[in-house]
Amino acid sequence: MEQTNSVAGLGIAIRAALAAGARIMEIYNSPSHDFGIELKADNSPLTLADKAAHSCILDYLSETDVPVLSEEGASIPYEARRHWEAFWLVDPLDGTKEFIKRNGEFTVNIALILCGRPHLGVVYAPVRQELYFAEPLIGAYKATGITEWTEGMTLPQLVDSSCRLPVLRPDGSPYVIVSSRTHCTPETLRFIDEVRGEHPDAVTLSSGSSLKICLVAEGTADVYPRFGPTMEWDTAAGHAIVCCAGKQICHAETGRPLVYNKENLHNPWFIVR
């Protein structure tokens, strides 16, 4: 997909995320509460909602003729994808543990990667009915109270009804650090202590899934340190949103932006600010 067509691609990705969110909520709200939990090879959980969201997203993205790399898809060898100039990078249900805990802090993540960099991103939190989306030509936005792409809706209408990011906080607001709800490491605690040396009034927030990245993009938080394991599909959509909001995600040691479609799909430690 060329950059000139990426606005149309954003519309498709938003529709895919909203539809996947609806499928997830059908299972989340099922009276039987049977999530069909399995364990993957790395002992991370997999549910019926992960599978349903994956299938739903693939149906929508097939309109674009751009390859898809999804957490829940078949493994694609590096030799087969190394020359991809454009591809969709998808996490159908980011925060499966939060889904199982029923705390609402899980998302659908869809990003378009161009030449190893996130170009556009969509993050949808179906319980919260919050949609974050971004593309360089239009910027970064947050829509609230949204559950579906209604008949007749257009992307310009959605943009007009959404909030442009970031939103400035009032003067005198404390410095805010956001951290993982389930993966707070000793390195993270040391980072927080260092920040409090510069900002004695600093406060911390805990959140799940890619919502942490979005909190920095929207201006609710100032920094998100991640000194723990993540995969490329965990960060790509949020990365695009952060960049379009004028922020960045950088390697914790080198300060360089994260890159995507590596042979090893694990991310290095990073900082969002």
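Let's start with Glu71, which is partly exposed, at a relative accessible area of 23%. On that scale, buried means under 20% relative accessible area, exposed over 50%, and partly exposed in between, with a 1.4 Å probe and protein chains only. Glu71 shares a salt bridge with Lys40, 3.0 Å from N to O. By salt bridge I mean a side-chain nitrogen of Lys or Arg within 4 Å of a carboxyl oxygen of Asp or Glu. Lys40 sits in the loop between β1 (38–39) and β2 (45–46), while Glu71 is in the loop between β3 and α3 (78–81), so this pair ties together parts that are 31 residues apart in sequence.

Before I go on, a word on what we're looking at. This is a predicted model, where local features need pLDDT of at least 70 and side-chain atom pairs count only at pLDDT 80 or more, though totals for chains, interfaces and linings use all residues. Numbering runs from 1 along each chain as its sequence is written, and side-chain values use heavy atoms, with hydrogens and water left out. Helices (H or I, at least four residues) and strands (E, at least two) are DSSP runs, numbered from the N terminus.

Back to Lys40, then. Its side chain also meets that of Glu72 in a salt bridge, at 3.4 Å from N to O. Glu72 is in the loop between β3 and α3 and Lys40 in the one between β1 and β2, so here the linked parts are 32 residues apart in sequence. And is Glu72 buried or exposed? With a relative accessible area of 17%, Glu72 is buried.

Why do such pairs turn up? Side chains of opposite charge can pair when their charged atoms come close. The count of salt bridges comes to 13. Another one joins Asp222 and Arg169, at 2.7 Å from N to O. Asp222 lies in the loop between α7 (211–218) and β12, and Arg169 in the loop between β9 and β10 (176–180), so that pair ties together parts 53 residues apart in sequence. Asp222 is partly exposed at 24%, and Arg169 is partly exposed too, at 28%. There's also a network of salt bridges linking Glu105, Arg128, Glu130, Lys142 and Glu218.

Okay, zooming out. The protein chain has eight helices and 14 strands. Its radius of gyration, taken over C-alpha atoms, is 18 Å. The globule rule, 2.2 Å times the number of residues to the power 0.38, gives 19 Å for 273 residues, so the chain is as compact as a globular protein of that length. Along its principal axes, the C-alpha trace spans about 50 × 45 × 40 Å. Of the 273 residues, 53% count as buried.

Now the sheets. Strands of a sheet pair through backbone hydrogen bonds, either parallel or antiparallel. For us, two strands pair if DSSP finds at least two bridges between them. One open sheet has seven strands, in the order β3-β4-β5-β6-β7-β8-β9, with mixed pairing. At the edges are β3 (68–70) and β9 (163–164), each with a single partner strand, so one side of each has no neighbour in the sheet. Inside that sheet, β4 (residues 86–94) and β5 (residues 107–114) run antiparallel, joined by seven bridges. Phe87, for instance, has Ile113 in β5 as its bridge partner.

Two helices lie across this sheet's strands. Helix α1 (residues 6–28) crosses β4, β5, β6 (117–125) and β7 (130–135), at about 30 degrees to β6. Helix α2 (residues 48–61) lies across β3, β4 and β5, at about 150 degrees to β4. Those angles run from 0 to 180 degrees between N-to-C directions, with axes as lines fitted to C-alpha atoms, for helices over the stretch in contact.

There's another open sheet, of three strands, ordered β12-β14-β13 with antiparallel pairing. Its edge strands are β12 (224–226) and β13 (249–251), each pairing on one side only. Three bridges join β13 to β14 (residues 270–272), and Ile249 stands opposite Val272 in β14.

Last stop: Ala236, in helix α8 (residues 232–244). Ala236 is buried, with a relative accessible area of 0%. Which residues is Ala236 in contact with, leaving aside neighbours within four places in sequence? They are Leu89, Ala111, Ile113, Pro118 and Tyr260, where contact means heavy atoms within 4.5 Å. Pro118 is 118 residues away along the chain, yet its C-alpha atom is 5.9 Å from that of Ala236.
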